[in-house]
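Biologist: Before we start, could we go through this protein slowly, setting each value beside the rule that gives it its name?

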Amino acid sequence: MTLSSINSVLFVCLGNICRSPSAHAVFRHKSEAAGLDLKIDSAGTAAYHQGAKPDGRSQKVGESRGYNFSGISARKVVQSDFENFDIILAMDDSNFSDLISACPEHHHHKIRLMTEFSQAYADQSEVPDPYYGGAAGFEFVLDLIEDASDGLLNQIKK
Ligand code: 4NP
């Protein structure tokens with residue numbers, strides 16, 4: 001798929017309260033700053049936190065770096081997402097395989113790993129789940145997301 005023609009991006013993690021809402025907020029900010037008009041959303045493979053605001057630890061790190069989480073609340077991935085988004089970015093291998101299992105085969109090509117777009121962190125294969133860890137994990141998640149968001153934007157702008 002050539003990314004220069006995409007109009008919509010869905011970020012996916014497990015709970016949709018830490019990693020994917022952070023990617024949503026970061027990529028929304030960066031794409032708007034680049035003058036792009038993209039549909040951006042995030043969702044979880046699980047519904048544990050349906051309707052919840054992003055985790056306070058993710059918001060604290062994100063807001064300290066200038067990102068805005070307004071309007072973002074957790075929801076589960078639904079079948080229409082596979083139709084309605086041009087690219088669906090999984091944060092880790094488990095999210096990726098859960099998405100592939102749920103997605104009709106003709107849309108499998110839309111599902112990619114966020115870290116495919118890493119630049120400075122090209123040695124990292126996943127954005128790791130920070131939920132049960134400490135503050136450093138949340139900072140690292142933001143580092144990876146900022147880096148991969150820049151990589152994704154560079155490909156979309158080509
Ligand atoms: P996320 O993190 O997938 O980055 O939103 C998690 C949030 C909640 C849980 C696990 C991971 N949980 O087990 O409730």
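Modeller: What covers the buried residues of helix H2 includes helices H1 and H5, and I should say at once that this is a predicted model.

Biologist: Which residues of H2 are buried, and what makes you say that they line one face of the helix?

Modeller: The buried residues in H2 are Ser58, Gln59, Val61 and Gly62. When one looks down the axis of H2, its buried residues fall within an arc of 170°, so they line one face of the helix. On the face of H2 turned away from that buried side we find the exposed residues Lys60 and Ser64.

Biologist: What is found at the start of H2, and what just after H2?

Modeller: At the start of H2, a side-chain oxygen of Asp55 comes to within 2.8 Å of the backbone nitrogen of Arg57. Just after H2, Gly66 has a positive phi of about 95°.

Biologist: Why is the pair of Asp150 and Lys30 called a salt bridge?

Modeller: The name requires a side-chain nitrogen of Lys or Arg within 4 Å of a carboxyl oxygen of Asp or Glu. The side chains of Asp150 and Lys30 meet at 3.0 Å, N to O, so the pair is called a salt bridge. Asp150 belongs to helix H5 (residues 135-157) and Lys30 to helix H1 (residues 19-33), so that the pair links distant parts of the chain, 120 residues apart. By this rule the count comes to nine salt bridges.

Biologist: Why is Lys30 called buried, while Asp150 is called partly exposed?

Modeller: Buried means under 20% relative accessible area, exposed means over 50%, and partly exposed is in between. Lys30 has 17% relative accessibility, so Lys30 counts as buried, whereas Asp150 has 28% and therefore counts as partly exposed.

Biologist: What makes Arg65 and Glu146 a salt bridge, and which parts of the chain does the pair tie together?

Modeller: The side chains of Arg65 and Glu146 meet at 2.8 Å, N to O, which is within the 4 Å that the rule allows, so the pair is a salt bridge. Arg65 lies in the loop between H2 and H3 and Glu146 lies in helix H5, so the pair ties together parts that are 81 residues apart in sequence. Arg65, at 25% relative accessibility, is partly exposed, whereas Glu146, at 19%, is buried. Arg65 and Glu146 also belong to a network of salt bridges, in which they are linked with Glu139 and Asp143.

Biologist: How do you know that Ser8 is buried, and which residues does Ser8 touch?

Modeller: Ser8, which lies in strand E1 (residues 8-13), has 5% relative accessibility, and because this is under 20% Ser8 counts as buried. Leaving aside residues up to four places away in sequence, Ser8 touches Lys39, Asn84, Phe85, Asp86 and Ile87. The side chain of Ser8 also reaches the backbone nitrogen of Asp86 at 2.9 Å.

Biologist: Where does the charged end of Lys39 sit?

Modeller: The charged end of Lys39 sits over the ring of Phe85, 4.6 Å from the centre of that ring.

Biologist: How many aromatic pairs are there, and why is the pair of Tyr121 and Phe140 called edge-to-face?

Modeller: The count comes to three aromatic pairs. In one of them, Tyr121 and Phe140 are 5.8 Å apart, centre to centre, with 75° between the planes; ring centres must lie within 6.5 Å to pair, and planes over 60 degrees apart count as edge-to-face, so both parts of the name fit. Tyr121 lies in the loop between strand E4 (111-113) and H5, and Phe140 lies in helix H5, so the pair ties together parts that are 19 residues apart in sequence. Tyr121, at 25% relative accessibility, is partly exposed, and Phe140, with a relative accessible area of 26%, is partly exposed as well.

Biologist: What makes Tyr131 and Tyr132 an edge-to-face pair?

Modeller: Tyr131 and Tyr132 are 4.8 Å apart, centre to centre, with 85° between the planes, and because 85° is over 60 degrees the pair is edge-to-face. Tyr131 is partly exposed, with a relative accessible area of 27%, whereas Tyr132 is exposed, because its relative accessible area of 79% is over 50%.

Technical notes: Residues numbered from 1 in each chain as written. Predicted model: local features only at pLDDT ≥ 70, side-chain atom pairs only at ≥ 80, totals over all residues. Heavy atoms only, no water. Helix = DSSP H or I, 4+ residues; strand = E, 2+ residues; numbered from the N terminus. Buried < 20%, exposed > 50% of the residue type's maximum accessible area, 1.4 Å probe, protein only. Polar contact = N/O pair within 3.5 Å; in protein donor to acceptor, adjacent residues only side chain to side chain. Contact = heavy atoms within 4.5 Å. Phe/Tyr/Trp six-rings, centres within 6.5 Å; stacked < 30°, edge-to-face > 60°. Lys NZ or Arg CZ within 6 Å of the ring centre and 35° of its normal. Arc of directions from axis to C-beta.
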